[in-house]
Structures are given as C-alpha cells and as structure tokens.
Amino acid sequence: MQEIKMMDADEVRERAQESVDTYCQKHDIQGIVGDLVSKYLLDRPEDMNPHEYFAQQLRLKMLAGDEAHLVEAATKVPGYALRQLFEATKRITSEIVPKETIRVIIEESLKVLNCDRISLFVFDKRIEMLVLNASNLEHPIRVRPGQGIAGTVFTNVQSVNIADKETGYVTHNLLAIPIVDFEGKCLGVIQAINKNGAGQSFEPADEILLTNLAQQVSVALHNAEFYRAAIVTSERANALLNMMQSLTHDLGAQSLVLSVATHASTLVRADRCTVFLVDDRAEELISIANDSGIEIRIPKSHGIAGECATENKLIVIDDAYEDARFNPEYDEKTGYRTHSIIALPVKRPPTKDKACAVIQMINKQEFDDEIGRFDDEDVQVLETYAMFVATQLAQSSLLSARGKANSEEFETHTNTTSMKQGMDSFQGVIEEMDEEED
C-alpha cells in the first residue's frame, strides 16, 4: 500500500509562499503597486484616500484597454466625476419603466458629461430604426441605421469624437459612443453635444466616462425591454379576457360588429379597424359605418380585404405604397396616409375552409405614436380573437339574413365546441408570450 506523506503546517506555509512569490514575479505585482504608490504621492489628491485612489486607477486602466490615449487620460479623471458616475449608475440601473429609464439616462448623462445636450438612440428591431430621445425633444424621432453620425456609429460600432462641427443647431463638439450589450450586440448610441465652458471640448477622460456609462445603459435598456414585454403580455391577456366576456353578451347585429372592431383595434393598437362580413350569395363584402350604421357593399374580389376573403388567407403589409394591391386613391380622397395593413380572415367553423368575415386594420401605433408594422405577436393575438368572433357571428341575425344555407352551416357547430377551441388557442398564445419573455 502506497504511503501517503503528511505535510506539517510550516511546509504548507512555505509552499504557499512560493506560489505567491511566483505569481507576483510573473505579473509584476511589485511594479504595479510601486507605480500606484508613486502616482498617489505625486498627485496627492485631497478628495480621495489611498484605497479609493488605487481602486480608481486600476478600474480606469481596465476600461481603457489597449488605447494609449485613454490609458493616459484615465489618470486625469477627477474623483468627483467618478462619484457622479457611480451615483448615475445606481439611478439608471434602478429604473425599469421604459420612459422613465430613458429620462433618467439623459438626465444623469448631462450631469456626468457636463454638456449642453444628450441624445439617446435606441434601436427598435420591430421597425428596424433608431428611435431618438434627446434632452431638447418633447417627442422621439426616428433615424435609419447608417444615417448621420449616430447612425454611422451604430452601424460601425465605433466611437466618434468631433472637436468642431456646425449644423442648424451650433454643434461645436460632439462625442458619440455605441451602446453594446454583454453579447456584443449594438443596442443604440449615446451622444453628448457641446461640452460646457468656453472653448471646452470632450477630452479622452470624457470618453472613458461615457463608455462606462454606456455599459450601464445597456443593462438598463435590457431591463426596461423585459419590463415592457411583461406589461404588453399582461395587457393583452386582460384585453383578451375582457373581449371574451363582452362577446358572450347578447349583442345586436350592429353592436356586435362595432364591438369586434373596437376590441381588435385595442388588442394590436391599430389606428383604424374595419370589419367586413362576407355575403357569398351576392359575392360581396359588407361593412357597417360606425357613425351612421349604413351598410357599405363592395365586390368580394375587390382590394386587399377581398383577396383575404376569397382566398381565406392572412395578409400583412408593411408599406401599403410598395404593394400593388393597394389603391392610393383612397388616401387621395380622404387625405389619410396608409402605411401598414393587416387583413385577417374570420374562418367559418367547423371546417374553416371559408371566411365569414374579414378584420382589416390600418397603421400600427407604436409607443411613441409613430406608425410601425404589424408583427408575429399581433398575428397570434388576432387569430385567437378571430376564433371567438366566428362563434358570435355564427349566431348573429346579421349573417342569417344573408342566406339560410350559411346560417344552417354555422349552427351545426355549437357554441360550446367553438368556445373550447378558442380557450385552448388563447391559452397557447399566453404560454408562447411567456416563453418569449423568459
């Protein structure tokens, strides 16, 4: 049996000390400590004790990386600026509500950078645009990736420091830093304009501060996005439940159609919604005007709604003017500008091989009141909604009056079965939303 040699305490300490000495020699720990002590004795900062000063120097060297000018600048960042940065970081990362997060980021960045303006560009993948929030803007505006200085910084993921630039607003100097998350993905750009003080420009030390701030901004934006997704999921779930409750009431024909349009528009935040009923005998689509209650009839083969009804298929259009099926004459007559469209067939149960109605929505409304595009989540929610609508339309006298054959076919499919299918689909949508949130 192999004998195991036991070491006494002195031998253990001796070997440990050898390991420490080897590590210190390999990484020149003595040289690093000597440099830190020498700099501290030369600078003799009145607002920092040695521990704070050493921590500052080590952290700034890590942030500066291999860029020589930032390494040099790191030693010149004053202690009060680092404390401001620390306080700003705490405030920024403590917010999760999207609008409040953006407001706090801009507010705190103005203090840390001591500049005239801060602009925050956040990339919205749903519309593939940078949404600009700035300290001088009441409402956000949009910028395309690659457009302007911020768009270029976003595309190239490289910082820009411009000492003297003039535009409509007199921009003397500008510092733009990409906001990059832990996966290396660019989330946007934070931009500081016009350093306060006569003849002042943004120095390398400002680059270090804003770069560090951008790292915290990326965390805050991720948190705010998770919060937004959770709120959207909750609001849609509540809207679906309210919709289910309202559609179980015994509504009149016109009230039913108006209720369908109202709930559909709320679920996906559309600017306009029209419900077309399909009259197969007359080969027409029928819409009821919201204000007068007058029926409006168009040929079943007409337009986007007609194609949706005829082919019993979903149609999603991001830009109406780029789609040959859209007739711009409607906009010319009314002065309205159509951007995005979704047309969803309400499929007749139980076979679902024909459309009994079409729900058509125009212009997706985004959080900043700009027009966006309808996404996959909108489609999922509307498809679930359409199952409940089909059940109610099956029992409506409005459709029964269009033809006895249609009415009889609808009545063969009981309300209980349709409701069960709707509930199953509703549960599936909520589960998928929860999975995406996770």
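## The big picture

Among contacts in the chain between residues at least 6 apart in sequence, what share joins residues at least 24 apart? The figure is 57%. Keep in mind that this is a predicted model. The chain runs to 438 residues, and 43% of them count as buried. Along the way you'll meet 15 helices and 13 strands.

## Two nonpolar cores

Let's start inside. In soluble globular proteins, nonpolar side chains tend to be buried together. Here, the largest nonpolar core has 34 residues. Within this core, V346, I359, M361, Y385 and L393 have the most contacts. Quite a few elements chip in: α8 (204–247), α9 (253–268), β7, β8, β11, β12 and α12 (376–394) each supply at least two residues. The top contributor is α12, which gives nine residues.

There's also a second core, separate from that one, with 29 residues. Its members include V104, I177, F202 and V217.

## Helix α10 and the strands around it

Helix α10 covers residues 303–311, and its buried residues are I304, A305, G306, E307, C308 and A309. What do they pack against? The partners are the strands β7, β8 (284–288), β10 (315–317), β11 (341–347) and β12. Just after α10 comes N312, with a positive phi near 55°.

Now look at one of those strands up close. Strand β12 spans residues 355–365, and Q360 lies in it. Is Q360 buried or exposed? Its relative accessible area is 14%, which is under the 20% cut-off, so Q360 counts as buried. Leaving aside neighbours within four places in sequence, Q360 touches two residues that also sit on the buried list of α10, I304 and A305. Its other contacts are R272, C273, T274, F276, I341, I342 and A343.

## The end of strand β7

Strand β7 takes in residues 270–279, and D279 is part of it. D279 is buried, at 5% relative accessibility. A polar atom of the D279 side chain lies 3.2 Å from the backbone nitrogen of R281.

## A helix pair: α5 and α6

Over in another part of the chain, helix α5 (residues 79–94) meets helix α6 (residues 98–113). How do the two run relative to each other? Their axes come within 10 Å and cross at roughly 180°, so the helices are roughly antiparallel.

From α5, the residues in the contact are Q84, L85, A88, R91 and I92. From α6, they are R103, V104, I105, E107, E108, K111 and V112. This contact is quite a mix, with six nonpolar residues, one polar and five charged. One of the α6 residues here, V104, also belongs to the second core.

## Two spots on helix α9

Helix α9 is worth a visit for two of its residues. S259 is found in this helix and is buried, with a relative accessible area of 13%. How far apart are S259 and V389 in sequence, and in space? They are 130 residues apart along the chain, yet 9.9 Å apart from C-alpha to C-alpha.

T266 lies in α9 too, but this residue is exposed, at 53% relative accessibility. T266 is 26 residues from L240 in sequence, and their C-alpha atoms are 9.8 Å apart.

Methods
Residues are numbered from 1 along each chain as its sequence is written. This is a predicted model: local features need pLDDT of at least 70, side-chain atom pairs count only at pLDDT 80 or more; totals for chains, interfaces and linings use all residues. Side-chain values use heavy atoms; hydrogens and water are left out. Buried means under 20% relative accessible area, exposed over 50%, partly exposed in between (1.4 Å probe, protein chains only). Contact means heavy atoms within 4.5 Å. A polar contact is a pair of N or O atoms within 3.5 Å; within protein, one must be able to donate a hydrogen and the other to accept it, and residues adjacent in sequence count only if both atoms are side-chain atoms. Axes are lines fitted to C-alpha atoms, for helices over the stretch in contact, and angles run from 0 to 180 degrees between N-to-C directions. Angles under 35 degrees count as roughly parallel, over 145 as roughly antiparallel, 65 to 115 as roughly perpendicular and the rest as oblique. Ala, Val, Leu, Ile, Met, Phe, Trp, Tyr, Cys and Pro count as nonpolar, Asp, Glu, Lys and Arg as charged, and the others, Gly among them, as polar. A nonpolar core is a set of buried Ala, Val, Leu, Ile, Met, Phe, Trp, Tyr and Cys residues joined through side-chain atoms within 4.5 Å.
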